[in-house]
Amino acid sequence: MKKTLKKIFNIIVDIMVVLILIVSILVVMLSLTSESSGVAHIFGYAPLSVQSNSMEPIIEVNDVIISKVSEDFSTKYEVGDVVTFPIEIDGVNTYNTHRIVEVFEDEGITYYRTQGDNEKTNPTPDEELQTSYTIVAKWTGTRIPAIGGFLSFIRTQLGFFLCVLFPMILFFIYEAIRVVINLIEYNKEKAAEEAAEAVANSELTEEQKQRAIAEYLAQQNIKLESEPTVQTPAEGDSPEAEQ
C-alpha cells in the first residue's frame, strides 16, 4: 500500500512538472514574439486577455480570446469582424478589441470604424478610425473564459516566479532528495545481498549461519520467526558419562 501511494504521488509530481514546463515555454514564446512583432503570439495566433466589458455579452472580462495575427498590410476586413488594435489609455500603450461596424474608402485608403458590443459602455462608435496598418489581429471566434487574469499575472515578473520558477525549484529539491533516498536504499540492499552471499559461501557453524541470516532479514525489515535449534556436540567430543 505504501509503495502504491508513493508511486501515485510520483506520477502526480511528474504531471505537474510537465504542465509547468509547458506553461513556462508558452510564456517565453509569448515574450519573444511580443518583442519582435508587438503582439504576443504562438505560431501566428495570439491569446489576448480581455480587461474591459466593452464587448459584453459576447466577450466578457477575464476571457482569453484567440486571434489570428495579421502582418499583411493588404488584408481586407469586413463589417462584423472583431479586430484588435493598439490604443493609449492614461499614457499606457495597450490593445483594444472591438467590432468593425463600417468600412469605407477615402483617397484609395480603406478605413474601418469600430465599436464595442456593449451598448451601455460604448453607445457610439470609436472616434479613431483603423486601417490594415493599425489592425494587428482578428478574432477567430475562440474564447476561453475566466483565465485572462491568470494569463496577465503570469506574464509579470512576480507571476512568472510564483507560478513557474518557484515550483520548479521545489521540484528540483524534491528530486534531489529522492535521488539521495534511492541511493541509500540501493546501498543497503546491495550490502545485505553481499552479506547473504558471503554467508552462503563461507564455512560457518549452523549457529553462526542462523545469526547472520537473522541480521540480513532484520535489514530487510522482515521479522525472523525464531525456531528452537538442537545443538549437537562438536565432532570428536563425547558426552561425559553420568557419575
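Reader: Which residues make the nonpolar surface patch of about 960 Å²?

Author: In this predicted model, the patch is made by Phe153, Leu158, Phe161, Leu162, Leu165, Phe166, Ile169, Leu170, Ile173, Ile177 and Ile181.

Reader: Which element gives the most to the nonpolar patch?

Author: Helix α3, residues 157-201, does, with 10 residues.

Reader: What makes Ile173 fit the accessibility rule for a patch?

Author: Ile173 is in helix α3. Its relative accessible area is 46%, and a patch residue needs over 30%. The value passes the cut-off, so Ile173 meets that part of the rule.

Reader: Why is Ile173 called partly exposed?

Author: Partly exposed covers the range between under 20%, which is buried, and over 50%, which is exposed. Ile173 has 46%, so the term partly exposed applies.

Reader: How many salt bridges does the structure hold?

Author: The structure holds five. Among them is the pair of Asp81 and Lys138.

Reader: Why is the contact of Asp81 with Lys138 called a salt bridge?

Author: The closest N and O atoms of Asp81 and Lys138 are 3.7 Å apart. The rule asks for a side-chain nitrogen of Lys or Arg within 4 Å of a carboxyl oxygen of Asp or Glu, so the pair qualifies.

Reader: Where do Asp81 and Lys138 lie in the chain?

Author: Asp81 is in the loop between β2 (64-69) and β3 (82-89), while Lys138 belongs to strand β6 (residues 137-144). The pair links distant parts of the chain, 57 residues apart.

Reader: Is Asp81 counted as buried or exposed, and how do you know?

Author: Asp81 has 12% relative accessibility. Buried means under 20%, so Asp81 counts as buried. Its partner Lys138, at 34%, is partly exposed because that value falls between 20% and 50%.

Reader: What is the bridge partner of Val83 in β6?

Author: Lys138 is the bridge partner of Val83.

Reader: How do you know that β3 and β6 pair?

Author: At least two bridges are required, and β3 and β6 have two, so they pair. Their sense is antiparallel.

Reader: What makes β2 and β6 a pair?

Author: Six bridges join β2 to β6. At least two are needed, so these strands pair too. They run antiparallel, and Ile66 stands opposite Thr142 in β6.

Reader: Why do Arg99 and Asp117 count as a salt bridge?

Author: Their side chains meet at 2.7 Å, N to O. That is within 4 Å, so the pair fits the rule.

Reader: What does the pair of Arg99 and Asp117 tie together?

Author: Arg99 lies in strand β4 (residues 92-106) and Asp117 in the loop between β5 (109-115) and β6, so the pair ties together parts that are 18 residues apart in sequence. Arg99 has a relative accessible area of 22%, and Asp117 has 22% as well. Each value is between 20% and 50%, so each residue is partly exposed.

Reader: How do you know that Glu102 and Arg113 form a salt bridge?

Author: The closest N and O atoms of Glu102 and Arg113 are 2.9 Å apart. The limit is within 4 Å, so the pair counts. Glu102 is in strand β4 and Arg113 in strand β5, 11 residues apart. Glu102 is partly exposed at 34%, and Arg113 is partly exposed at 23%.

Reader: Why is Lys6 called partly exposed?

Author: Lys6 has 40% relative accessibility, which lies between 20% and 50%, so the term applies. Lys6 is found in helix α1 (residues 2-37). Leaving aside neighbours within four places in sequence, Lys6 is in contact with Asn182 and Glu185.

Reader: How many helices and strands does the chain have?

Author: The chain has four helices and six strands. From the N terminus on, the elements run α-β-β-β-β-β-β-α-α-α. Buried residues make up 27% of the 243 residues.

Reader: What is the mean pLDDT of the chain, and which elements have the lowest and the highest?

Author: The mean pLDDT of the chain is 78, and 76% of its residues reach 70 or more. Among the elements, helix α4 (residues 206-219) has the lowest mean, 69, and β5 the highest, 96.

Reader: Where does pLDDT stay under 50?

Author: One stretch is residues 222-230, for which the model has three contacts beyond four places in sequence. Another is residues 238-243, with zero such contacts. Where pLDDT is low, predicted coordinates should not be read in detail.

How values were computed:
Residues are numbered from 1 along each chain as its sequence is written. This is a predicted model: local features need pLDDT of at least 70, side-chain atom pairs count only at pLDDT 80 or more; totals for chains, interfaces and linings use all residues. Side-chain values use heavy atoms; hydrogens and water are left out. Buried means under 20% relative accessible area, exposed over 50%, partly exposed in between (1.4 Å probe, protein chains only). Patches are made of residues with over 30% relative accessible area and no salt bridge: like charges are joined within 9 Å, nonpolar side chains (Val, Leu, Ile, Met, Phe, Trp, Tyr) within 5 Å. Accessible areas come from the Shrake-Rupley method with a 1.4 Å probe; for residues, only the protein chains shown count as cover. pLDDT is the predictor's confidence in each residue, from 0 to 100. Contact means heavy atoms within 4.5 Å.
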